[in-house]
Amino acid sequence: MDPKEIDWNKLTAIIEKHRTQKWSLIPLLQEVQEVYGYIPPEAIEPIAESLKMLPAQVQGVATFYSGFSLKPKGKCVLKVCRGTACHVKGSRSILRHVKKELHLEEGETSEDYQFTLETVACLGACFLAPTMMVNREYYGKLNPTKVTSVLGQYSKNKEDDG
Amino acid sequence: MEIIVLTINGQKVTCPSGASLLQAAEKNGIKIPTLCYHPDLKPHGACRVCLVEDEKTGRLMASCVTPAAQDMSILTATPKILNHRRNIVRLMMAEHPESCIVCSKGNRCELRNIAASLGVGETGLYPMPNYTPYEQLNPFIIRDLSKCILCGKCIRADHELVVTGAIDYNHRGFHSRPATFYEKPLEDSICTFCGTCVSICPTGALSVKNTRYVGTPEKEINSICGFCSVGCSLKMGIAGGKIVEVNPSKRKISVNGATLCIRGHFANDFINSADRLTQPMIKKQDENSNDKHIPVSWEDAFEIVTTRLSEIKREHGPDSIAFIGSSKCSNEENFLFQKIARDIFETGNIVGTGYASGQKLLAYIDERTHGSCRVNALADLEGAEVVFVIHSDLESIVPVADYHVKRAAKKGARMILVDPFKTDLAALSALWIRPDMSKGHRMNTSGLINSLARKIVDGNFQDTDFINQYTFGLDPYVASLANFDAEKITEKHTWSPEIVKQAFELVKGRKVAFVVGAYTLNDPDGKQLIDAVINFSFLTGGMGAKGAGIYIPVAENNLVGAMDMGAVPDLLPGRVKMPSEKYMGLDMGAFITCIESGKIKAAYIMGENLLRSLPQPDRVAATFGKLDLLVVQDIVCNRTTQIADVILPGAAVYEKYGSFTNMEGRIQTFKPVVSPPGNAREDWDILSQVVKGMGYPEQYHTIEKIRQEIRLKIPMYQGLGNQQQDWIKNNESDNPFLSTHVKFSFLPAVPAISAAFDASYPLIAKISSPRFHLGSGTRTSRSERIRAYDRKGEIEISTADCGALGLNSSGRVRIKSEFGSIEREFIQNRHLPAGLVFIPMGVNHNDAMNLVGLGQKAHPNSAGCMLSRVLIEKI
């Protein structure tokens, strides 16, 4: 997928859907994030215009919430938990292992837009520590071997698609 | 309003209901420190420095956001509060870089002051400065966001006062910072460089970029801005006898409050320009018979001016001399100047460039409304029901008036905008009517308003009480509206019946505040438009009502005052009509043709660079060569002084005594902030010396003497000089609201003149000042900051026309009109409709005036004064 190509028709449809709703900015941004995987910066101006807001304000909201991203994200977003429980159970080495496997630093996206690596303060699944999420799936009680197999599972998916 | 009683620090105090604890304390003289609070902004509660304690519960509350309640008992400085305040300030300091010693905010830094007053020195905390890159590529503002304390004042001022929306918070927590859209540098964002954020910033995060380091001002003196007709109150910071800083004045009675614009804030450095005239000079021929200016004493200069002018008067008669006043000069100067022309030289030839910018129609409005539009406060707009803005370009010409209109729209006034160009008002308007001018149409806004009036009458929404009490002539007017059936008229015009319907829904049963762009006053059908607007205001009872009526945002600072003082060919001081046409002087166009025909032999120009500001500058230059004597009184060396026989160096606004009358009818006096450079003198003083040299019995040694005479001769100005500001007073016997003997008169509605499409000049160009320029090249063009801004003045062409002309996204083009041609770079503007071009003035020696003709507005097929029919060629 080339992240630079934006289907403007889809965006117009999303904007039209939310235009008349009250407090519609965040649901609108959520839907844009859902459809495109990120909020294309080019979309901010049309969104602001339709909601009679200022572009800088919309950008302020989009940058405030970590749920929104202005940069294209990979197909699989990895969230490695760095909460206290996971830390005690060795999440630092889990993170190190993921970084090594994917050749990515925190916050980075792979060149083929397959993976994005993020860390979070707590996933709320401390009983599974150390844990991480890939998109909406939880993976708990991790060890380096399990991490490698999980990552393999997701890169294999890519080959299937291809 | 209900009054609340509460106790602050054991003292019983009262405040109105709805007031915050902070306001209640301030009102009663109890000081609470603040950082993020500003009286003009909505309370934000970000900094928590204003904490107070509830005596009963011991709870701590931010006083700026806590409403005062009955029987509350509040403590403002207990050890507990002080401890909390100290900790808050310590945390801010821990995040602040240790660069106080080189910070231009110095001892005016509010954070430093609060820290000092709380006794916070070393924070004792681990320093965690939040370094961000220093941004200073633009010539106006330095942004060092390392020093930002996130009070949000800049953001709130931008959103609430200036309503631009260039910045907002980005990110969260420690990383949170004010940022522009896409986090671009300010010069690439929609920032207008109004500088409001700089003045309001409590720390050194935002500061003014000086061309060199000048230090903290030694003192601050209030003055009035001399650029546009809003007349903002300024606070000038002086160091070493020079103005080094300009901020909005804290005077409560100002038009501008905490705001200013790019010119007022940053362009006033023109007065330190190296081109300032400092010595009187006369033109002499050297041995090679080249013209050369040599310095002379003031006595010699006055001697030459008075004897040569007297000779010319004797030889060729009084009407061989013309006096060109200036709407940039003060009331006192214009009064004295017209006195010199009329009383001493006995000629009616007194005119100013303001006359070419619509003064004549302004006088007509005054006559028809019996002075009811003379005084109309911009602040009232914020309570307006409907604001109807007609082709006004407020954002460039009168930015602070633009903020008022935008604030009105944000506060719920329904805004109707008629403008083919996309301005910053478009996004805020309830209805943006965009006339299609592609086929050479004129806007025909008068037709639109008359159609609306007809709908008002048809739907019986007129204000019958107002009409019965204050007006006459309704029936012929209503009959004339029969020609303005929206369904019929729109076929060959520029808006649809649907739009008239939408506009009608917005205005019906409401009072309308019209904001009519000054440039429209010079359109060939400007009079029809004004008549339509005035009739509509009578019909709906908007005339004279608060937050309604007619606003005319003229460009020049004292255009209204110059007219009131009689520095116009057709009015005597006090807007008194000439008793007979034969006493009328020449208008600007006739002035030039009379020099060409040899009727005018001498001219005395005060404060105008006509070789730059008049249309067809080459023709004007050649014409001026024919004069026997040209006296120019100005502040900087310019094209007109270069050909003058005598140069008299005058003083800029901030170097003299005087008064201006702004677009609202507010008369504001000012006094010198610094002294004029070298031997330059205050302009009224120069004029008084001319009066003296001519042996006139009255002498004007002081400004007060001139003011006395103005107060005596012009009843409208009876308050002049009594205090810092006063308003124009209306004559009781000639105002329908004050007297039962006069009434407003409806006039029958007349269709606008339709213009023929001229295929040889198919495009319409708006030739207008960009925001950072105004006037005739003696002020903004001499500002180092504006020069450093270095805009090339690209003309803007619509995407459609670029396609039709085979132009790429940028390049050079030739623009031709029937008067001349110029070459410029161009850019594509996707917001422009087809058929329209924007040509900024004030760049390339104002070459755009080559495209405009002298006396063009009289031409029935012209597009208007500042609109020109042009042809664009690819080079």
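Domain bounds come from an automatic or database domain assignment. Residues are numbered from 1 along each chain as written, and chains are lettered from A, with ligands numbered from 1, in the order in which they are written. The model is predicted: local features need pLDDT of at least 70, side-chain atom pairs count only at pLDDT 80 or more, and totals for chains, interfaces and linings use all residues.

**Exercise 1.** State which domains chain A has and what distance separates their centres.

*Solution.* The assignment gives domain 1 (8–64) and domain 2 (76–161). Taken over C-alpha atoms, the centres of these two domains are 29 Å apart.

**Exercise 2.** Place A:Lys89 in chain A and decide whether A:Lys89 is buried or exposed.

*Solution.* Step one: A:Lys89 sits in the loop between helix 5 (84–88) and helix 6 (91–102); helices are DSSP runs of H or I with at least four residues, strands are runs of E with at least two, and both are numbered from the N terminus. Step two: a residue is buried if 20 or more other C-beta atoms, placed from the backbone, lie within 10 Å of its own, exposed if 12 or fewer, and partly exposed in between. A:Lys89 has 21 such neighbours, so A:Lys89 is buried.

**Exercise 3.** Find which residues A:Lys89 contacts beyond four places in sequence.

*Solution.* Contact requires C-beta atoms, placed from the backbone, within 7 Å. With neighbours within four places left aside, A:Lys89 contacts A:Ala129 and A:Pro130.

**Exercise 4.** Describe the make-up of chain B.

*Solution.* Chain B contains 26 helices and 37 strands. Of its 875 residues, 54% are buried.

Methods
Two residues are in contact if their C-beta atoms, placed from the backbone, lie within 7 Å.
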